[in-house]
Amino acid sequence: MITPEDWYRIPLQPQEQREASVSALIWRQFAGVDDQPVLRRQAEEHLTGAALAGADRGGVVLYLSFLAAAGIPLSASLLVSRVHERFDSLDVVAALAGQGEVVPVTLPAAGRAARRRRTERSRETKKLGSDFDDTIVEYFVPAPLNDETLMLTFSTPMEPIADAMVELFDAIAGTLRWQARTEGKGEPA
């Protein structure tokens, strides 16, 4: 899967790798800024909490967007999770009917999937004082050679430009392809 170069990748497993990646991101974001220790600590606590929450939800990797347009940050995230159960895309569509916009889709290289778009007012968004709902787009992609489903959860608090962000999410999901592992099982690439 290809993400924009301004998206930062945080592996969520093992814990040591997750913590090192969060520390590297904080160091990068605060390089040359020595007069903001409280802000730095708050950012590290927030990122550590988000990464831990992603890992607790079965996430294997978390991507955070640092894209900006005209100096305005375009906040977004992608949590990639493995669900240790296989779902056909039509099963997912039926199970999630009435819970947002749910449709079957075909990803160019990964095959059939289910896509759900919804909005919610998350606890994090409320905590940050935002007036906007989060736009969430989820993809449920059955793995080709095992009994797992890959779940891609994109999220943005940028409600005024949600449609444009969803187009970006769809483009990223469209780059997902499977790569054979040495044991012969499909792995997302």
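This report walks through the salt bridges, nonpolar cores and aromatic pairs of the structure above. Please keep in mind that the model is predicted.

## Charged pairs around strand β7

Side chains of opposite charge can pair when their charged atoms come close. In this model the count of salt bridges comes to seven. Three of them start from arginines 115, 116 and 117, and the table sets them side by side.

| Salt bridge | Distance, N to O | Citation |
|---|---|---|
| Arginine 115 and aspartate 170 | 3.0 Å | side chain to side chain |
| Arginine 116 and glutamate 138 | 2.6 Å | side chain to side chain |
| Arginine 117 and aspartate 163 | 2.8 Å | side chain to side chain |

Let us take these in order. The side chain of arginine 115 meets that of aspartate 170 in a salt bridge. Arginine 115 belongs to strand β7 and aspartate 170 to helix α5 (residues 162-173), so this pair ties together parts that are 55 residues apart in sequence. Is arginine 115 buried or exposed? Its relative accessible area is 10%, and because the cut-off for buried is under 20%, arginine 115 counts as buried. Aspartate 170, at 28% relative accessibility, is partly exposed.

Next along the strand, arginine 116 forms its salt bridge with glutamate 138. Here the partner sits in strand β8 (residues 134-142) while arginine 116 is in strand β7, so the pair ties together parts 22 residues apart in sequence. Both ends are out of reach by the numbers: arginine 116 is buried at 9% relative accessibility, and glutamate 138 is buried at 3%.

Arginine 117 is likewise placed in strand β7 (residues 111-120). Its side chain makes a polar contact of 2.8 Å with the side chain of aspartate 163, and these two side chains also meet in a salt bridge. The pair links distant parts of the chain, with aspartate 163 in helix α5 and arginine 117 in strand β7, 46 residues apart. Arginine 117 is buried, with a relative accessible area of 19%, whereas aspartate 163 counts as exposed at 51%. Salt bridges that share partners also join Arg116, Arg118, Glu120 and Glu138 into one network.

What else does arginine 117 contact, leaving aside its neighbours within four places in sequence? Its contacts include Gly100, Glu101, Thr135, Ile136 and Val137, and among them are also Ala162, Asp163 and Val166.

## The nonpolar cores

Now for the greasy side of the story. The largest nonpolar core has 28 residues, and those that touch the most other members are Trp7, Leu78, Tyr139, Val141, Leu152 and Phe154. At least two residues of this core come from each of β2 (59-65), β5 (77-83), β6 (101-107), β8, β9 (149-156) and α5. Which element gives the largest share of this core? That is α5, with five residues.

Tryptophan 7 is a good residue to click on. Not counting residues up to four places away in sequence, tryptophan 7 touches a list of residues that includes Tyr63, Leu64, Ser65 and Leu67. Also among its contacts are Ala76, Ser77, Leu78 and Phe154, together with Leu168, Phe169 and Ile172. Apart from the largest core lies another one, of 13 residues, among them Leu12, Ile26, Leu47 and Leu62.

## Aromatic rings

How many aromatic pairs does the structure hold? There are two. In one, the rings of tyrosine 139 and phenylalanine 154 have centres 6.3 Å apart and planes at 80°, so the pair is edge-to-face. This pair links distant parts of the chain, tyrosine 139 in strand β8 and phenylalanine 154 in strand β9, 15 residues apart. Both tyrosine 139 and phenylalanine 154 are buried.

In the other pair, the rings of phenylalanine 154 and phenylalanine 169 have centres 4.8 Å apart and planes at 20°, so the pair is stacked. Phenylalanine 154 lies in strand β9 and phenylalanine 169 in helix α5, so the pair ties together parts 15 residues apart in sequence. Phenylalanine 154 is buried at 0% relative accessibility, and phenylalanine 169 is buried at 0% as well. Through these ring pairs, Tyr139, Phe154 and Phe169 are linked into a cluster.

One more ring is worth a look: the charged end of arginine 28 sits over the ring of phenylalanine 66, 5.2 Å from its centre.

Note on methods:
Residues numbered from 1 in each chain as written. Predicted model: local features only at pLDDT ≥ 70, side-chain atom pairs only at ≥ 80, totals over all residues. Heavy atoms only, no water. Helix = DSSP H or I, 4+ residues; strand = E, 2+ residues; numbered from the N terminus. Polar contact = N/O pair within 3.5 Å; in protein donor to acceptor, adjacent residues only side chain to side chain. Contact = heavy atoms within 4.5 Å. Salt bridge = Lys/Arg side-chain N within 4 Å of Asp/Glu carboxyl O. Buried < 20%, exposed > 50% of the residue type's maximum accessible area, 1.4 Å probe, protein only. Core = buried A, V, L, I, M, F, W, Y, C linked by side-chain atoms within 4.5 Å. Phe/Tyr/Trp six-rings, centres within 6.5 Å; stacked < 30°, edge-to-face > 60°. Lys NZ or Arg CZ within 6 Å of the ring centre and 35° of its normal.
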